[in-house]
Amino acid sequence: MNAEPVRLASSSSHPAVNLLLDLLLGAFVLNLALQPLVEPDLGWHLRAGLDLIAQGWRVPDTDPYSHTMPDWHWVEHAWLTDGVLALIYRGMGPFGGLGLIGFFGGVTALAWWIAARLAPVNRTYRLAALVASLWVALPFLGARTQLISLLGVAIVLLTWTRIQRGQRQWVWALPPLFLLWANLHGGFTAGLFVATVLLSLSFLMKICIEWKICQAPRDEPVLTWDDLCRWTIAIVVSVAVTCLNPYGWRLYIEIYESLTDRFMIDTLREWQPVSFQGWAGRAYGLYLLGLLGLIAGWYRRVEPVRWILLLLMLGLSLLHWRNVTLFLIVSLPLAAELCARVGGAFLRRVPVLKAYAAGSVLVLTLMGATALYAMGTEHLEHVWQSGRTPDVYFERTEYPIEAVRWILIHRDELGTRLYNDYGYGGFLLWQLPGERIFIDGRMPAWRIKDRWIFHDYVALNREDSPQLGLLDRYGVDWALIPRGSALAATLETHPSWKNVYADSKVVILRRRS
């Protein structure tokens with residue numbers, strides 16, 4: 001059965017004070033959800049979307065953006081999202097950057113809010129848990145298309161919860177959801193995975209009950225055979241409709257090949273196992289310790305399906321950094337429920353607080369407002385500037401906007417085949433339309449016979465001895481490289497190359513005639 005809502009003691013007698021606290025927590029949510037436009041992949045998503053619109057929504061068959069892999073049959077997982085981003089960016093003119101920030105901030109806030117709404121507690125506890133979860137997720141937020149898949153997972157969980165509560169018609173929301181999702185982002189496979197796990201666990205639970213293998217009391221609904229059959233049919237139909245995309249079944253093949261590329265998984269940080277070093281790791285570690293402490297102290301429910309789903313998602317999150325936000329979404333309802341239980345237990349054990357509930361909440365609100373003001377003003381200024389005048393904002397980042405300005409003026413003094421750092425690829429596609437790049441964030445798993453672009457990129461950036469012969473192989477005749485890198489130091493002293501530009505961020509070199 002579902003837990004009853006747990007409410008603040010003062011919610012009925014002092015609604016204005018509680019509303020003030022909720023508004024403050026909502027302000028924290030917006031402060032965390034709205035992030036500057038610094039995501040490395042945003043540039044190529046935006047460039048792909050702008051070109052998609054210009055070409056009448058026809059997706060390219062091969063890669064139009066690199067000179068190293070122009071014959072690669074590019075499967076763009078997020079083609080529809082790219083088109084939406086381009087419509088926002090172009091349609092809002094000088095405020096296009098702010099429109100993108102609003103889009104991604106809205107997707108983030110909606111995903112976390114839907115997940116928090118699954119907890120049968122009042123709004124204040126949901127918002128408190130939501131703020132804590134978003135704070136942990138902060139390193140993974142921003143202009144990332146992956147957030148759309150987190151929203152999709154939250155909707156899958158919402159659909160499941162509705163069915164558990166007897167609202168069977170919600171099951172038919174799955175096929176249209178996955179039809180849209182498969183064209184918005186390749187992470188729809190995570191949604192199919194979660195839906196299948198929920199079905200499998202519920203099926204096993206039903207078998208255990210029917211065969212009287214386990215008769216222990218439970219605190220979660222057991223679906224009927226009819227409900228399980230409907231959910232199965234909905235998943236099968238959902239898988240079928242995901243093939244209604246520009247690539248058909250090829251989309252699944254490309255996703256599988258990307259997810260199983262061992263070199264990419266071993267090299268890129270987002271695929272590395274979680275380390276509890278650094279800010280992101282420590283924040284996640286504190287979240288896990290806090291959640292474990294709350295479970296040990298206040299969680300007494302018997303919910304096998306939830307247990308196994310949480311443990312599975314936890315294991316996946318520890319295996320790869322990119323899955324941390326997935327666990328945060330799945331665990332958020334439990335975190336909100338436990339916050340409510342702690343709050344209720346605290347009020348029962350310290351009854352004097354009930355008499356001064358309004359004052360206590362008001363003090364908490366004022367303290368929170370002070371903290372929000374201290375942390376929020378400068379952050380929101382950065383958000384505004386990155387959206388309103390991104391070229392000015394990029395001066396304070398690692399992106400080479402100064403070098404881009406120089407290139408636009410001196411383009412005829414440079415070559416025809418660029419070498420660029422992996423992290424600059426998307427940015428250059430955004431800022432230098434028509435320029436073909438060496439590599440960007442789309443390409444880690446791209447390989448045609450002996451042309452393995454990401455492997456070659458890593459070899460070029462070896463600290464001990466960069467493999468300069470690869471520049472000859474790809475016909476590179478000019479390069480934009482981070483200043484102080486091993487490759488930059490090697491080329492600056494190489495007789496075949498000359499330095500034509502340098503600033504505090506990058507150097508630009510050209511091959512001598």
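Is Arg411 buried, partly exposed or exposed? With a relative accessible area between the 20% and 50% cut-offs, Arg411 counts as partly exposed, at 25% relative accessibility. Keep that residue in mind; we'll come back to its partner below.

**How far to trust the model**

What you're looking at is a predicted model. Its mean pLDDT is 90, and 91% of the residues reach 70 or more. The weak spot to know about is residues 1-13, where the pLDDT is below 50. That stretch still has 31 contacts in the model beyond near neighbours in sequence. Where pLDDT is low, though, the predicted coordinates should not be read in detail.

**Salt bridges**

Searching the whole structure turns up 21 salt bridges. As a reminder, side chains of opposite charge can pair when their charged atoms come close. Here are three of the bridges, with the N to O distance for each.

| Pair | N to O distance | Citation |
|---|---|---|
| Arg262 and Asp266 | 3.3 Å | |
| Arg411 and Glu435 | 2.8 Å | |
| Asp456 and Arg473 | 3.6 Å | |

Back to Arg411, then. Its salt bridge is with Glu435, and this pair links distant parts of the chain, 24 residues apart. Arg411 sits in the loop between α18 (401-410) and β1 (418-420), while Glu435 sits in the loop between α19 (425-431) and β2 (447-448). Glu435 has 13% relative accessibility, so it counts as buried.

Arg262 and Asp266 make a more local pair: both lie in helix α11, 4 residues apart, or about one turn of the helix. Arg262 is exposed at 52% relative accessibility, and Asp266 is partly exposed at 47%.

The third bridge, between Asp456 and Arg473, runs from one helix to another. Asp456 is in α20 and Arg473 in α21 (residues 469-473), so this pair ties together parts that are 17 residues apart in sequence. Asp456 is buried, at 6% relative accessibility, whereas Arg473 is partly exposed, at 39%. Elsewhere, salt bridges with shared partners join Arg301, Glu303, Arg306 and Glu337 into one network.

**Aromatic pairs**

Now for the rings. There are 28 aromatic pairs in the structure. Take Phe263 and Phe454: their ring centres are 5.9 Å apart and their planes are at 70°, so the pair is edge-to-face. Phe263 belongs to helix α11 (residues 262-267) and Phe454 to helix α20 (residues 453-460), so the pair ties together parts that are 191 residues apart in sequence. Phe263 is partly exposed, with a relative accessible area of 23%, but Phe454 is buried at 2%.

Which residues do ring pairs link into a cluster with Phe263? They are Tyr419, Tyr422, Phe438, Trp452, Phe454, Tyr457 and Tyr474. So α11 and α20 come up under both headings: Arg262 and Asp266 lie in α11, as does Phe263, and α20 holds Asp456 along with Phe454.

**A nonpolar patch on the surface**

Last stop is the outside of the protein. Met92, Phe95 and Trp384 make a nonpolar surface patch of about 320 Å². Phe95 lies in the loop between α3 (79-91) and α4 (96-117). Phe95 is partly exposed, with a relative accessible area of 37%. Patch members need over 30%, so Phe95 clears that cut-off.

Technical notes. Residues are numbered from 1 along each chain as its sequence is written. This is a predicted model: local features need pLDDT of at least 70, side-chain atom pairs count only at pLDDT 80 or more; totals for chains, interfaces and linings use all residues. Side-chain values use heavy atoms; hydrogens and water are left out. pLDDT is the predictor's confidence in each residue, from 0 to 100. Contact means heavy atoms within 4.5 Å. Patches are made of residues with over 30% relative accessible area and no salt bridge: like charges are joined within 9 Å, nonpolar side chains (Val, Leu, Ile, Met, Phe, Trp, Tyr) within 5 Å. Accessible areas come from the Shrake-Rupley method with a 1.4 Å probe; for residues, only the protein chains shown count as cover. A salt bridge is a side-chain nitrogen of Lys or Arg within 4 Å of a carboxyl oxygen of Asp or Glu. Helices (H or I, at least four residues) and strands (E, at least two) are DSSP runs, numbered from the N terminus. Buried means under 20% relative accessible area, exposed over 50%, partly exposed in between (1.4 Å probe, protein chains only). Rings of Phe, Tyr and Trp (its six-membered ring) pair if their centres lie within 6.5 Å; planes under 30 degrees apart count as stacked, over 60 as edge-to-face and the rest as tilted.
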